[in-house]
Amino acid sequence: MTITLITGANKGIGFETARQLLELGHVVYIGARDVERGEKAAAALGARFVQLDVTDDASVSSALATIDAAQGRLDVLVHNAGILGEGAIDGPKALRVFDTNAVGIVRVTEAALPLLRRSSNPNVVTVSSSAGSFWAVNNPDRPEFHLPLALYSASKAAATMLTVQYAKAHPGIKFNALEPGTTATDMTAAFGIGRSPEESARTVVRLATLGADGPTGTFQDESGELRW
């Protein structure tokens, strides 16, 4: 039995990742800020729900304590919560975007580490983005070249680097980041682009189900490792 926590999982790629992992037999905890939406998503899937706001230390601690009390360990952690922060830029908005997309990874990872260490095959997956890749945003052939998302891009660069650094700091736990592919979700609706969350979630699931000899410290998409 594999115990999995997915942040920001009440919709989009997180919701679809939860569905696919449930089909593989995982016990999945859907983490969401909004209790009503989170409980509704969990009920629709047959998953479990924990209230989890990645920008709130008390919420994160409570969520991991709930999983600890019920399961005693955590095998898979998927960092999926994120916001775009599109439009005009100012300091408060920058703080909100980085707090969610980067600092949130630190909060949840640090709270989860004691539980992950009790797993025989711990996997941590960060849903990052090539929008945070110097190579991609400067390549006219890539969709990221045309996306005016300074805060999102910068925070995703931080998310990928955090993943790599956690992999170096904790060699007994696999940490990998991914570019899920341009996906049509509520978050990207304004751009009118992307494929289904079901398709994009497959890369998340692949990294979430790596064997003990799987890679760590990588940034990948569905075709393998990416430059960034």
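In strand E8, Glu-225 stands opposite Gln-220. Strands (E, at least two residues) and helices (H or I, at least four) are DSSP runs, numbered from the N terminus. Gln-220 belongs to strand E7, which covers residues 218–221 and is joined to E8 by two bridges. The two strands run antiparallel. Two strands count as paired if DSSP finds at least two bridges between them. The model is predicted: local features need pLDDT of at least 70, side-chain atom pairs count only at pLDDT 80 or more, and totals for chains, interfaces and linings use all residues. Residues are numbered from 1 along each chain as its sequence is written, and side-chain values use heavy atoms, with hydrogens and water left out.

The E7–E8 pair is part of an open sheet of eight strands. The strand order is E3-E2-E1-E4-E5-E6-E7-E8, and the pairing is mixed. Strand E3 (48–51) and strand E8 (224–225) stand at the edges. Each has a single partner strand, so one side of each is left without a neighbour in the sheet. In general, strands of a sheet pair through backbone hydrogen bonds, either parallel or antiparallel.

Strand E6 spans residues 174–178. Five of its five residues are buried. Buried means under 20% relative accessible area, exposed means over 50%, and partly exposed lies in between (1.4 Å probe, protein chains only). Lys-174, Asn-176 and Leu-178 point one way from E6. Phe-175 and Ala-177 point the other way. This follows a general pattern: in a regular strand the side chains alternate between the two faces of the sheet. E6 pairs with strand E5 (residues 123–127) in the parallel sense, over five bridges. Here Asn-123 has Lys-174 as its bridge partner. E6 also pairs with E7, again in the parallel sense, over three bridges. In that pairing, Thr-218 is the bridge partner of Asn-176.

Strand E4 covers residues 76–79. Val-76 and Val-78 point one way, Leu-77 and His-79 the other, and all are buried. Three bridges join E4 to strand E1 (residues 3–6), and the two run parallel. Ile-6 stands opposite Val-78 in this pair. Four bridges join E4 to E5, also in parallel. Leu-77 of E4 stands opposite Val-124 in E5.

Phe-49 lies in the edge strand E3. Its relative accessible area is 21%, so Phe-49 is partly exposed. Phe-49 and Ile-30 are 19 residues apart in sequence, yet 4.8 Å apart in space, C-alpha to C-alpha. Contact means heavy atoms within 4.5 Å. Not counting residues up to four places away in sequence, Phe-49 touches Ile-30, Ala-32, Asp-34, Val-35, Gly-38, Glu-39 and Ala-42.

Val-54 sits in the loop between E3 and helix H3 (57–71). At 6% relative accessibility, Val-54 counts as buried. Its contacts, leaving aside neighbours within four places in sequence, include Thr-7, Val-60, Ala-81 and Asp-99. Thr-100, Gly-104, Arg-107 and Val-108 are also among them. Val-54 and Gly-217 are 163 residues apart in sequence and 22 Å apart in space, C-alpha to C-alpha.

Glu-16 is placed in helix H1 (residues 12–23). Glu-16 has 10% relative accessibility and therefore counts as buried. Leaving aside neighbours within four places in sequence, Glu-16 is in contact with Pro-197, Glu-198 and Ala-201.

The whole chain has seven helices and eight strands. With 228 residues, a compact globule would have a radius of gyration near 17 Å; the chain has 16 Å, which agrees. This radius is taken over C-alpha atoms, and the globule rule is 2.2 Å times the number of residues to the power 0.38. Along its principal axes, the C-alpha trace spans about 45 × 40 × 30 Å. Buried residues make up 50% of the 228 residues. Among contacts between residues at least 6 apart in sequence, 67% join residues at least 24 apart.

The chain exposes about 10,100 Å², and carbon and sulfur atoms supply 53% of it. Accessible areas come from the Shrake-Rupley method with a 1.4 Å probe; for residues, only the protein chains shown count as cover.
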